[in-house]
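This report describes one protein chain from its overall layout down to single side chains. Please look through the sequence and the 3D view before reading on.

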Amino acid sequence: DAVLRSERLRRDVSRRRGLVEDVDAVEAQVEALLRDTAGEVLTTLPEVKTVRAASFCVHALPIGRFPSTGHLYSFTGLAPARHESSTIRKARAISRTAPGGGVMP
């Protein structure tokens, strides 16, 4: 039984190494493609890595198609959170919203 488990673990580790190599290769390709676009500037933002920047570019570029920055901001699904009651209105940090204005979990 121990020999079989050892062999299975060896195959799993080998498969994982192959997958990690594949992911690294694809990320290198995405990075090379992003380098040739205006979206490369996004990678200078904190916590924005290549894949996230490329995903944004795929959906939002060319940015010139948006009439204003507000339209682009709205398109991304990000919106300033607001707390409102009959007498109090407070702006809060940005939250992720679903299409139609609902807050995403």
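A residue counts as buried when its relative accessible area is under 20%, as exposed when it is over 50%, and as partly exposed in between. With that cut-off, the buried residues of helix α2 are T50, A53, A54, C57 and A60. They lie on the same side of α2, because they cover an arc of only 145 degrees around the axis. The elements they pack against are α1 and α3 (69-75). On the face of α2 turned away from this buried side are the exposed residues R52, V58 and H59. The model in which these positions are seen is a predicted one.

**The chain as a whole**

The protein chain contains three helices and two strands. In sequence order their pattern is α-α-α-β-β. The chain has 105 residues, and 13% of them count as buried. About 8700 Å² of the chain is exposed, with carbon and sulfur atoms supplying 59% of that area. Take the contacts between residues at least 6 apart in sequence: 5% of these join residues at least 24 apart.

**Confidence in the model**

How confident is the predictor in this chain, as a mean pLDDT? The mean is 80, and 73% of the residues reach 70 or more. Among the elements, α1 has the highest mean pLDDT, 95, whereas strand β2 (residues 89-96) has the lowest, 57. Over residues 100-105 the pLDDT is below 50. That stretch has six contacts in the model beyond near neighbours in sequence. Where pLDDT is low, the predicted coordinates should not be read in detail.

**The loop between α1 and α2**

Helix α1 covers residues 2-35 and helix α2 covers residues 50-60, and E47 is found in the loop between them. E47 has a positive phi of about 65 degrees, although it is not a glycine. Is the residue E47 buried or exposed? With a relative accessible area of 65%, E47 is exposed.

**Salt bridges**

How many salt bridges does a search of the whole structure find? The search finds five. The table lists some pairs, with the distance between N and O atoms.

| Pair | N to O distance |
|---|---|
| R10 and E7 | 2.4 Å |
| D12 and R15 | 2.5 Å |
| E31 and R35 | 4.0 Å |

The positions of these pairs along the helix can be compared with their partners' exposure. R10 and E7 are separated by about one helical turn, because they are three residues apart in helix α1. R10 is partly exposed, with a relative accessible area of 47%. Its partner E7 is also partly exposed, at 31%. E7 and R10 belong to a network of salt bridges that also links R11.

D12 and R15 both lie in helix α1 as well, three residues apart, which is about one turn of the helix. D12 has a relative accessibility of 36% and so counts as partly exposed.

For E31 and R35 the spacing in helix α1 is four residues, so they too are separated by about one helical turn. E31 counts as partly exposed at 41% relative accessibility. R35 also counts as partly exposed, at 45%.

**An aromatic pair**

How many aromatic pairs does a search of the whole structure find? There is one. The pair is formed by F66 and F75, with their ring centres 5.1 Å apart. Their planes make an angle of 50 degrees, and the pair is tilted. Planes under 30 degrees apart would count as stacked, and planes over 60 degrees apart as edge-to-face. The two rings belong to residues with unlike surroundings: F66 counts as buried at 14% relative accessibility, whereas F75 counts as partly exposed at 41%.

**Summary**

Helix α2 has its buried residues on the same side, and these pack against α1 and α3. Helix α1 holds the pairs R10 and E7, D12 and R15, and E31 and R35. The mean pLDDT is highest in α1 and lowest in β2.

Key. Residues are numbered from 1 along each chain as its sequence is written. Side-chain values use heavy atoms; hydrogens and water are left out. Buried means under 20% relative accessible area, exposed over 50%, partly exposed in between (1.4 Å probe, protein chains only). Contact means heavy atoms within 4.5 Å. Accessible areas come from the Shrake-Rupley method with a 1.4 Å probe; for residues, only the protein chains shown count as cover. The arc is that of the directions from the helix axis to the C-beta atoms. A salt bridge is a side-chain nitrogen of Lys or Arg within 4 Å of a carboxyl oxygen of Asp or Glu. pLDDT is the predictor's confidence in each residue, from 0 to 100. Rings of Phe, Tyr and Trp (its six-membered ring) pair if their centres lie within 6.5 Å; planes under 30 degrees apart count as stacked, over 60 as edge-to-face and the rest as tilted.
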